[in-house]
Amino acid sequence: MTAAETWLSVFEARRKRFATLPKCEPRKYHEQMKATVQAVREGRVKLRPPRLRMRPQPRPTSWRLTRARTPRWQGGHGRGRGASAARAGPTDGGGDGDGEGDPPAATAAARKGHRDQRLAAIEKQSGSGESLSTGKRYPVIYADPPWQYQAGTTDSTRRIENQYPTMCLDEIRGLRVCGRSIAELATDTAILYMWAPSPKLAEAMTVVESWGFVYRTCLVWVKPTIGPGYWARQRHEMLLVATRGSMPTPLPPTRPDSVIEAPRGRHSQKPAVVYELIERCWPSLAKVELFARMARDGWDRWGLEAPGSGVVP
Ligand SMILES: C[S@@+](CC[C@H](N)C(=O)[O-])C[C@H]1O[C@@H](n2cnc3c(N)ncnc32)[C@H](O)[C@@H]1O
């Protein structure tokens, strides 16, 4: 058998194999192969020496990537959904690569080990033994800034300032906590949960950026009763989620519903379930609440009305 015949037989074998596969890409490949074999038979194209060795494939770094690269006809998601989800990373927006289906047990264990290592490294950045006032850094920051409203209500009894002092945007953006900026207060890898009433959404995004975070997603607190509002009577508030560094996403079973349905409390009071959902996601990481008004076990707190925080604004 000549080299050309050998190569032809390889072509034939491949063509036959792909012909048995259904639909899409294999069909196209099959057509091309058929045309090539025909052209070789008729001597219209010359055969080049066979390159039987496959190009080395990059080693998959995780089960997620492996799955993303599995062709659609082999039961994977092809380069569409899975691949784009893998590229997008943990940014939310529908695809975070952790979709349905279970990874093989060994890979799942490896992923868990890798995630635990990342969390342990984040914990280390925090500086155990320190406190808020002595340089402790926090991977989880929860903030509810005292937003200032320019177009205040004409009804002076309903002004926010009757409840607590407010801060202008520049003050919030340049916030310092115990002499440190938020970028210094946060660990290099950290997550920020920040409340943003809808009229303050655009300003809140600039705060996220000034504090050194990148916006990822938001949750919405849907309240049972309608409140005031100039353009729309407000019945919801947003909890922005932003990260810095390479923060892992919460484990799938702990990921919160993006809608929080909870009753209103006193003026500006946020539902306690929010503490719970953050604790569920990040049980081992140090947490601080900025502009707190109450104490919560396991959390450090800071704010004019935070019990024992000793704030001197
Ligand atoms: C929107 S409220 C926080 C409400 C809180 N999340 C709750 O659930 O009860 C804002 C808080 O920031 C406090 N605050 C206002 N100005 C401050 C400042 N310059 N420094 C620290 N805290 C301040 C207010 O006293 C108020 O307690």
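**A predicted chain, element by element**

Colleague: How many helices and strands make up the secondary structure of the chain?
Modeller: First off, this is a predicted model: local features need pLDDT of at least 70, side-chain atom pairs count only at pLDDT 80 or more, and totals for chains, interfaces and linings use all residues. Residues are numbered from 1 along each chain as its sequence is written. Helices (H or I, at least four residues) and strands (E, at least two) are DSSP runs, numbered from the N terminus. On that basis, the chain comes to nine helices and nine strands.

Colleague: What is the mean pLDDT of the chain?
Modeller: pLDDT is the predictor's confidence in each residue, from 0 to 100. In this chain 75% of the residues reach 70 or more, and the mean is 83.

Colleague: Over which residues is the pLDDT below 50, with 17 contacts beyond near neighbours in sequence?
Modeller: A contact here means two C-beta atoms, placed from the backbone, within 7 Å. Another stretch, residues 94-101, stays under 50 and has twelve contacts beyond four places in sequence. The stretch with 17 such contacts beyond near neighbours, pLDDT below 50, is residues 80-89.

Colleague: What percentage of the residues in the chain is buried?
Modeller: A residue is buried if 20 or more other C-beta atoms (placed from the backbone) lie within 10 Å of its own, exposed if 12 or fewer, and partly exposed in between. Of the 313 residues in the chain, the buried ones make up 19%.

Colleague: In what order do the strands of the seven-stranded open sheet run?
Modeller: Two strands pair if DSSP finds at least two bridges between them. At the edges sit β7 (259-261) and β9 (299-302), each pairing on one side only. Direction ignored, neighbouring strands are turned by 20° against each other on average. With mixed pairing, the order is β7-β5-β6-β4-β1-β8-β9.

Colleague: Which residue in β4 is the bridge partner of Ile 141?
Modeller: β1 and β4 run parallel and are joined by five bridges. Helix α5 (residues 105-126) lies across both strands, at about 90° to β4, where axes are lines fitted to C-alpha atoms, for helices over the stretch in contact, and angles run from 0 to 180 degrees between N-to-C directions. In β4, Ile 141 has as its bridge partner Leu 192.

Colleague: Which element gives the largest share of the largest nonpolar core?
Modeller: A nonpolar core is a set of buried Ala, Val, Leu, Ile, Met, Phe, Trp, Tyr and Cys residues joined through C-beta atoms within 7 Å. This one has 38 residues, and Ile 141, Leu 192, Met 194 and Val 208 touch the most other members. Elements giving two or more residues include β1 (138-143), α7 (182-185) and α9 (273-281). The largest share, eight residues, comes from β4.

Colleague: Why do the buried residues of α8 line one face of the helix, and within what arc do they fall?
Modeller: In α8 (residues 201-210) the buried ones are Ala 204, Val 207 and Val 208. Down the helix axis, these residues line one face because the directions from the axis to their C-beta atoms fall within an arc of 100°.

Colleague: Which elements do the buried residues of α8 pack against?
Modeller: Take Val 208: leaving out residues up to four places away in sequence, it touches Leu 192, Met 194, Phe 213, Tyr 215, Leu 240 and Ala 242. For the buried residues of α8, the packing partners are α6 (169-173), β4 (186-196), β5 (214-222) and β6 (236-244).

Colleague: Is Glu 209 buried or partly exposed?
Modeller: Glu 209 is also in α8. It lies 8.6 Å from Arg 173, C-alpha to C-alpha, although the two are 36 residues apart in sequence. Because Glu 209 has 13 C-beta neighbours inside 10 Å, it counts as partly exposed.

Colleague: Which residue stands opposite Val 288 in β9?
Modeller: β8 has both faces covered, with Lys 287 and Glu 289 buried on one side and Val 288 and Leu 290 on the other. β8 pairs in the parallel sense with β1 over four bridges, and with β9 over four bridges as well. Opposite Val 288 in β9 stands Asp 300.

Colleague: What is the phi of Phe 291?
Modeller: Phe 291 is in the loop between β8 and β9, and with 25 C-beta neighbours inside 10 Å it counts as buried. Phe 291 is not a glycine, yet its phi is positive, about 65°.
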